[in-house]
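Hi everyone, and thanks for coming. I'd like to walk you through a structure that may be new to you, so please have a look at it first.

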Amino acid sequence: VFVYRGQPAARAPGRMFEVVDPYLEDRSAQAALARADALARRLQLPRRYVYIPSDVGHQGTREVWLAVQPEETLLGPDSADALTGIPVDYIRREGPGAAAVRHYLKRWPAA
């Protein structure tokens, strides 16, 4: 599952009966998820994509994490606080200082 958390966009509020989809205006999200899709297709991996609008905040990231229950989660340096308060078993950092990617490892109880 590839998750992209959107950035706040300057947009006028929607009008009545207008469908507002922030992903359609988020070019950086479209580019990032397209790169993820190309890589996953090349590696023949099953894949799903989730776009979390900026107004949902970290709660949306936590909800996706709890629903998917991944064994490993990778977060970039700008998303390091997205899983604050989530009980993970181990956190491993890869890379230099503030630019480190964090690997959150969790063993979920068997269903």
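**The cores, the helices and the sheet**

Let me start on the inside. The largest nonpolar core is made up of six residues, namely Trp-65, Leu-75, Ala-82, Leu-83, Ile-86 and Tyr-104. A second core, separate from that one, has five residues, among them Tyr-4, Ala-29, Ala-32 and Leu-33. As general background, nonpolar side chains tend to be buried together in soluble globular proteins. Please keep in mind that what you see is a predicted model.

Now let me step back to the whole chain. The protein has two helices and five strands, and reading along the sequence gives the pattern β-α-β-α-β-β-β. Its C-alpha atoms fill a box of roughly 45 × 35 × 35 Å along the principal axes. There are 111 residues, and 24% of them count as buried. If we take the contacts with a separation of 6 or more, 49% of them are between residues 24 or more positions apart.

Let's move on to helix 1, which covers residues 27-42. Does its length make sense? What span should we expect for its 16 residues at 1.5 Å a residue? The expected value is 22 Å, and the end C-alpha atoms are 23 Å apart, so the two agree.

Which residues of helix 1 are buried? They are Ala-29, Ala-32, Leu-33, Ala-36, Asp-37 and Ala-40. Looking down the axis of helix 1, you would find these buried residues within an arc of 140°, so they line one face of the helix. A general point helps here: an α-helix has 3.6 residues a turn, so residues three or four places apart point the same way. On the face of helix 1 turned away from the buried side, we find the exposed residues Arg-27, Arg-35, Arg-41 and Arg-42. The cover over the buried residues of helix 1 includes strand 1, at 2-5, and strand 2, at 49-52.

One residue on that list deserves a second look, and that is Asp-37. Why does Asp-37 count as buried? Its relative accessibility is 19%, and the cut-off for buried is under 20%. Not counting residues up to four places away in sequence, Asp-37 touches Arg-47 and Tyr-49. Just after helix 1 comes Gln-44, with a positive phi near 55°.

Helix 2 is next, and it runs over residues 58-68. Its buried residues are Gly-60, Thr-61, Val-64 and Trp-65. They take up an arc of only 135° around the axis, so they sit on the same side of helix 2. Strand 1, strand 2 and strand 3 are included in what covers them. Helix 2, too, is followed by a residue with positive phi: Gln-69, near 50°.

We have already met Trp-65 in the largest core. What does Trp-65 contact, leaving aside its neighbours within four places in sequence? The answer is Pro-70, Thr-73, Leu-83, Ile-86, Pro-87, Val-88, Lys-106 and Trp-108.

Finally, the sheet. Three strands form an open sheet, in the order 3-5-4, with antiparallel pairing. Strand 3 (72-75) and strand 4 (90-94) are at the edges with a single partner strand each, so one side of each has no neighbour in the sheet. From one strand to the next, the twist averages 20°. In general, strands of a sheet pair through backbone hydrogen bonds, either parallel or antiparallel.

Let's zoom in on strand 3. Four bridges join it to strand 5, residues 101-105. Glu-72 stands opposite Leu-105, while Leu-74 has His-103 as its bridge partner. Strand 3 also has two faces: Thr-73 and Leu-75 are on the covered one, and Glu-72 and Leu-74 are on the uncovered one.

At the other edge, let me point out Ile-91, which lies in strand 4. Is Ile-91 buried or exposed? With 42% relative accessibility, Ile-91 counts as partly exposed. Apart from neighbours within four places in sequence, Ile-91 is in contact with Arg-102, His-103 and Tyr-104. So how far is Ile-91 from Val-1, C-alpha to C-alpha, and what is their separation in sequence? They are 19 Å apart in space and 90 residues apart in sequence.

That's my tour, and I'm happy to take questions.

Key
Residues numbered from 1 in each chain as written. Predicted model: local features only at pLDDT ≥ 70, side-chain atom pairs only at ≥ 80, totals over all residues. Heavy atoms only, no water. Pairing = 2+ DSSP bridges. Axes fitted to C-alpha atoms, helices over the stretch in contact; angles between N-to-C directions. Core = buried A, V, L, I, M, F, W, Y, C linked by side-chain atoms within 4.5 Å. Buried < 20%, exposed > 50% of the residue type's maximum accessible area, 1.4 Å probe, protein only. Contact = heavy atoms within 4.5 Å. Expected span 1.5 Å × (residues − 1). Arc of directions from axis to C-beta.
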